[in-house]
Amino acid sequence: EGPEGASEADAAAAAGGVDDTADPNSFTVLADESRDRCLICGINFGMFFDQDEGEWMYKNCKEVVVENDETAIEATEDVFVHVTCLRGLGSPAFLTMDQVLQVN
């Protein structure tokens, strides 16, 4: 891990996709206890304390949009997924409801 990997991840995130060559652990988001599992595989995210940010973060994690169907109350929903799981789906810019676990 290093600043070079993080900048690759940041560039891919800005483009809306996932850079398939960047280290998955260079993709980090602020930890959120209400969203602690990948909605593709159901496994918890690895968590670490970022000394620079002074915050707990999830690694190998990306926030993506889920496009809901017409009957949903919300048209879209933001969820956390593992970067490696997203790559397994072909690194789409957004997910559909049939690609994520249904949690209540």
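Two strands are taken to pair if DSSP finds at least two bridges between them. In this predicted model, three strands meet that description in an open sheet with the order β1-β3-β2 and antiparallel pairing. The edges of the sheet are occupied by β1 (28-30) and β2 (46-50); each has a single partner strand, so one side of each is left without a neighbour in the sheet. On average, and with direction ignored, neighbouring strands of this sheet are turned by 40 degrees against each other. Strands of a sheet pair through backbone hydrogen bonds, either parallel or antiparallel.

The pairing of β2 with β3 (residues 55-59) is antiparallel and runs over five bridges. Within this pairing, F48 has M57 of β3 as its bridge partner, and F49 stands opposite W56, also in β3. The two strands form a hairpin in which four residues lie between them. One residue in the turn, G54, has a positive phi of about 70 degrees. On the other side of the sheet order, β1 and β3 are joined in the antiparallel sense over three bridges. There, T28 has K59 of β3 as its bridge partner.

Aromatic contacts were examined next. Four aromatic pairs are counted in the model. In one of them, F49 and W56 are arranged edge-to-face, with 5.4 Å from centre to centre and 70 degrees between the planes. These residues also stand opposite each other in the pairing of strands described above. F49 is partly exposed at a relative accessible area of 35%, and W56 likewise counts as partly exposed, at 47% relative accessibility.

Another aromatic pair is made by Y58 and F80. The ring centres of Y58 and F80 are 6.1 Å apart and the planes stand at 80 degrees; the pair is therefore edge-to-face. This contact links distant parts of the chain, since Y58 belongs to strand β3 and F80 to strand β5 (residues 76-82), 22 residues apart. With a cut-off of under 20% relative accessible area for burial, Y58 is buried because its value is 3%. F80 is buried as well, with a relative accessible area of 4%.

Y58 and F80 are also members of one aromatic cluster, which they form together with F45. The ring of F80 has a further contact: the charged end of R35 sits over this ring, 3.9 Å from its centre. F80 thus takes part in the edge-to-face pair with Y58, in the aromatic cluster and in the contact with R35.

Definitions and conventions: Residues numbered from 1 in each chain as written. Predicted model: local features only at pLDDT ≥ 70, side-chain atom pairs only at ≥ 80, totals over all residues. Heavy atoms only, no water. Axes fitted to C-alpha atoms, helices over the stretch in contact; angles between N-to-C directions. Phe/Tyr/Trp six-rings, centres within 6.5 Å; stacked < 30°, edge-to-face > 60°. Buried < 20%, exposed > 50% of the residue type's maximum accessible area, 1.4 Å probe, protein only. Lys NZ or Arg CZ within 6 Å of the ring centre and 35° of its normal.
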